[in-house]
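Me: Please take a close look at one part of this structure, the aromatic side chains that gather into a cluster, and follow the strands and the interior around them. I would like one connected account, with the cut-offs given as the terms come up.

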Amino acid sequence: VQLQACGGGLVQPGGSLRLSCKASGFVFRLNDMSWYRQAPGKQRELVALISKGSFPEYVDSVKGRFTISRDNVKNTVSLQLNNLSPEDTAVYYCYVNYRGRNNWGQGTLVTVSS
């Protein structure tokens, strides 16, 4: 299993970013996919999940601002981040639990600062 995330960067408060994660090594369309984040000094937390049937779920703090989506042809899962605040600063990871094992991408850093 390989998960390659990209799209992070530095953005001002109120700005937007789009993260993408390219997956390989498993049957992408048959698995739920997730994005987590870990802020400095904090535990990693689930941000958004999209089921194999493309039903999204979000942590309360990002509802209405973030949108998770998937492309089962390109084997990618994306996270659109809008109206960003400094509290969203974190390393963002894509994740899949495949055959009972946790699989993480390498992480992409999002920094929200003026």
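Reply: The account below begins with the aromatic pairs and then moves to the strands, the nonpolar core and two buried polar residues.

The model is a predicted one, in which local features need pLDDT of at least 70 and side-chain atom pairs count only at pLDDT 80 or more, while totals for chains, interfaces and linings use all residues. Residues are numbered from 1 along each chain as its sequence is written, and side-chain values use heavy atoms, with hydrogens and water left out.

Rings of Phe, Tyr and Trp (its six-membered ring) are taken as a pair if their centres lie within 6.5 Å, and planes under 30 degrees apart are called stacked, those over 60 edge-to-face and the rest tilted. By this rule there are six aromatic pairs. One of them joins Tyr 36 to Tyr 95, with 5.3 Å from centre to centre and 70° between the planes, and is edge-to-face. Because Tyr 36 belongs to strand β4 (residues 33–38) and Tyr 95 to strand β9 (residues 90–98), this pair ties together parts that are 59 residues apart in sequence; strands here are DSSP runs of E with at least two residues, numbered from the N terminus. Tyr 36, at 19% relative accessibility, counts as buried, and Tyr 95 also counts as buried, at 10%, where buried means under 20% relative accessible area, exposed over 50% and partly exposed in between (1.4 Å probe, protein chains only).

Tyr 36 also pairs with Trp 104: the ring centres are 4.9 Å apart and the planes stand at 75°, so this pair is edge-to-face. Since Trp 104 lies in strand β10 (residues 101–104) and Tyr 36 in β4, the pair ties together parts that are 68 residues apart in sequence. Trp 104 itself is partly exposed, at 35% relative accessible area. Tyr 36, Tyr 95 and Trp 104 form one aromatic cluster together with Tyr 93. The face of Tyr 93 has Arg 44 over it, 3.8 Å from the ring centre, a charge being counted over a ring if NZ of Lys or CZ of Arg is within 6 Å of the ring centre and within 35 degrees of the ring normal. A similar entry is found at Phe 28, where Arg 70 lies over the face of the ring at 4.5 Å from its centre.

The strands that carry these rings are also paired with others, two strands being paired if DSSP finds at least two bridges between them. β9 and β10 run antiparallel and are joined by four bridges; within this pairing Asn 97 has Asn 102 of β10 as its bridge partner. The two strands form a hairpin with two residues between them, and Arg 99 in the turn has a positive phi of about 55°. β4, for its part, is joined to β5 by five bridges and runs antiparallel to it, with Trp 35 standing opposite Ala 48 in β5. Six residues separate the strands of this hairpin, where Gly 41 takes a positive phi near 75°.

Trp 35 leads from the cluster's strand into the interior, for it is among the residues with the most contacts inside the largest nonpolar core, together with Val 77, Leu 79 and Tyr 92. This core has 29 residues, a nonpolar core being a set of buried Ala, Val, Leu, Ile, Met, Phe, Trp, Tyr and Cys residues joined through side-chain atoms within 4.5 Å. Its largest share, five residues, comes from β9. Leu 79 is in contact (heavy atoms within 4.5 Å) with residues including Trp 35, Val 47, Ala 48 and Tyr 92, leaving aside its neighbours within four places in sequence.

Two buried polar residues complete the picture. Thr 108, in strand β11, is buried at 9% relative accessible area, and a polar atom of its side chain lies 3.0 Å from the backbone nitrogen of Gly 8. Beyond its neighbours within four places in sequence, Thr 108 is in contact with residues including Leu 19, Val 91 and Tyr 92. Asp 88, placed in the loop between β8 (76–81) and β9, is buried with a relative accessible area of 2%. Its side chain makes a polar contact of 2.7 Å with the side chain of Arg 65, the term covering N or O atoms within 3.5 Å where, within protein, one must be able to donate a hydrogen and the other to accept it, and where residues adjacent in sequence count only if both atoms are side-chain atoms. With neighbours within four places in sequence again left aside, the contacts of Asp 88 include Arg 37, Phe 66 and Val 110.
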